[in-house]
Amino acid sequence: MIPAVLPTYNRAPLAFTKGEGSWLTAEDGTRYLDLGAGIAVNALGHAHPALVATLTEQAGRLWHVSNLYRIPEQERLAELLVENTFADTVFFTNSGTEAAELAIKMVRKYWYEKGQPERVEIVTFEGSFHGRSTGAIAAAGAEKMVKGFGPLMPGFTHLKFGDHDALRAAVTDRTAAVMIEPIQGEGGIRTLPDACLKGLRDLCDATGALLVFDEVQCGMGRTGKLFAHEWAGVTPDIMMVAKGIGGGFPLGAVLATEGAAVGMTAGSHGSTYGGNPLGCAVGAKVVEIVAEDGFLDAVGAKGARFRQGLEGLVASHPEVFEGVRGQGLMLGLKCKATNTDVVKAAYAEHLLTVPAADNVIRLLPALNIADEDIAEALARLDRAASRVKADAA
Ligand SMILES: Cc1ncc(COP(=O)(O)O)c(C=O)c1O
């Protein structure tokens, strides 16, 4: 018999009843050190006092009003994002997928307004992930996501990750946009080198194609900059954001330049819940905290410390691990053993990690993880690796 919850997930037999900082308490009372943070969502850890206070205060005042009216909390968050990024304007969604949908629509409308409605082709990359809507799966194109869900939305050209020749051939003055994650998350913490991001910007400038960054997973301070593309010193025309921006409250956004948003006039897009007062009040508090002096530097320092420890683990368990990837606190351990076996062994050590493609496990802790929790995580990963070795023997 089909379970009451549609069985689309491969779930671990674990349920949590409470979270505090980087720790989750399971139903049986066991405490787990959380290096997944809800897959890069709980950017400030669980039950951050300032977020709890903001949410509670807002909940006592006003939860929802329609976008038929001005929403001051939404305006405040939009202004914060505009002040701190390349963007001139922001649309709020409830998820990363919805942000991807709007990004695609914005690109199409841009070319429509420019008098080139046939210019619809968006170049995307193998291993990418933009969500699970029909548009987002067509954008990523991976067999495992699209199989059985056809016919797919047309208008996407999928290129191999890192194939510069194919890229130069594919992006022409008929290309509508290039859409890319500066660091692939689901794809296995695969970082696009700064030179490639710069090269992409140049290619888009030369052809007029819009550059769209998906920073749903790598954004909001995760790499030690507010947004990952800042490391390369380039800016996109459009950017998708979600996950960390809500600190656990469902919230997403599309940020854009005034030029790229030219087609998005009144009536062209909308959402019942997108930009609601609860989500935006929490989002504004998250952005304020992440943008505070010293916060992002601390993410960088914690990331460096964690990475150094991980390099040590790779050296001491060469049969289990192959190398470390990523930037800041968006880290991946490329495995030699099967990554899901490592994730399971980590469960046994009461440590939560997240598998990704390319046989990687992701380590995406709260951005404010305590230094002693990093040390504890390394000790537990060390023991988990020993378990994997013992099981293989
Ligand atoms: C890079 C990227 N884009 C888009 C999405 C989709 O976001 P959501 O699950 O909030 O719809 C994800 C989710 O993992 C993601 O990692």
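**Strands, helices and unusual backbone sites in a predicted model**

Strands E13 and E14 form a hairpin with 2 residues between them, and Gly328 in the turn has a positive phi of about 60 degrees. Here, helices (H or I, at least four residues) and strands (E, at least two) are DSSP runs, numbered from the N terminus. This is a predicted model, in which local features need pLDDT of at least 70 and side-chain atom pairs count only at pLDDT 80 or more, while totals for chains, interfaces and linings use all residues. Residues are numbered from 1 along each chain as its sequence is written.

The hairpin is a good place to begin. Strand E13 (residues 321-327) is joined to E14 by 6 bridges, and the two run antiparallel; two strands are said to pair if DSSP finds at least two bridges between them. Within this pairing, Val324 has Leu333 in E14 as its bridge partner. E14 is also joined to strand E17 (residues 360-363), again in the antiparallel sense, by 4 bridges. There, Gly332 has Arg362 in E17 as its bridge partner. Of the 6 residues of strand E14 (residues 330-335), 5 are buried, so E14 is largely enclosed by the rest of the structure. A residue counts as buried if 20 or more other C-beta atoms lie within 10 Å of its own, as exposed if 12 or fewer do, and as partly exposed in between, with C-beta atoms placed from the backbone.

Two open sheets can be described in turn. Strands of a sheet pair through backbone hydrogen bonds, either parallel or antiparallel. One sheet holds 7 strands in the order E4-E12-E11-E10-E7-E5-E6, with mixed pairing. Strand E4 (89-93) and strand E6 (156-159) stand at its edges with a single partner strand each, so one side of each has no neighbour in the sheet. On average, neighbouring strands of this sheet are turned by 20 degrees against each other, direction ignored. At one edge, E4 and strand E12 (residues 252-256) run antiparallel and are joined by 5 bridges, and Phe91 has Val254 in E12 as its bridge partner.

The other open sheet is made of 4 strands in the order E1-E2-E3-E15, and its pairing is also mixed. Its edge strands are E1 (16-20) and E15 (351-352), each of which pairs on one side only. Strand E3 (residues 31-34) pairs with E15 in the parallel sense over 2 bridges, and Asp34 stands opposite Leu352 in E15.

What does Leu102 contact, leaving aside its neighbours within four places in sequence? This residue lies in helix H4 (residues 96-113), and its contacts are Phe91, Thr93, Val254 and His269. Contact here requires C-beta atoms, placed from the backbone, to lie within 7 Å. Phe91 and Val254 are the bridge partners from E4 and E12 described above. His269 is 167 residues from Leu102 along the chain, yet their C-alpha atoms are separated by 7.9 Å. Leu102 counts as buried because it has 26 C-beta neighbours inside 10 Å.

A helix pair was examined next. The axes of helix H11 (residues 339-348) and helix H12 (residues 371-392) come within 8 Å and cross at roughly 120 degrees. Axes are lines fitted to C-alpha atoms, for helices over the stretch in contact, and angles run from 0 to 180 degrees between N-to-C directions. H11 and H12 are therefore oblique to each other; angles under 35 degrees count as roughly parallel, over 145 as roughly antiparallel, 65 to 115 as roughly perpendicular and the rest as oblique. In H11, Asp341, Val342, Ala345, Ala346 and Ala348 meet Arg380, Leu381, Ala384, Arg387 and Val388 in H12. These contact residues divide into 7 nonpolar, no polar and 3 charged, where Ala, Val, Leu, Ile, Met, Phe, Trp, Tyr, Cys and Pro count as nonpolar, Asp, Glu, Lys and Arg as charged, and the others, Gly among them, as polar.

Finally, some backbone sites deserve a look. Most residues other than glycine have a negative phi, and most peptide bonds are trans. The peptide bond from Gly150 to Pro151 is cis, with omega near 0 degrees, and Pro151 lies in the loop between helix H6 (143-146) and E6. Ile189, in the loop between strand E8 (183-184) and strand E9 (190-191), has a positive phi near 50 degrees. Ile189 is buried, with 27 other C-beta atoms within 10 Å. Asn359 has a positive phi of about 55 degrees and lies in the loop between strand E16 (354-356) and E17. With 18 C-beta neighbours inside 10 Å, Asn359 counts as partly exposed.

Notes. Two residues are in contact if their C-beta atoms, placed from the backbone, lie within 7 Å.
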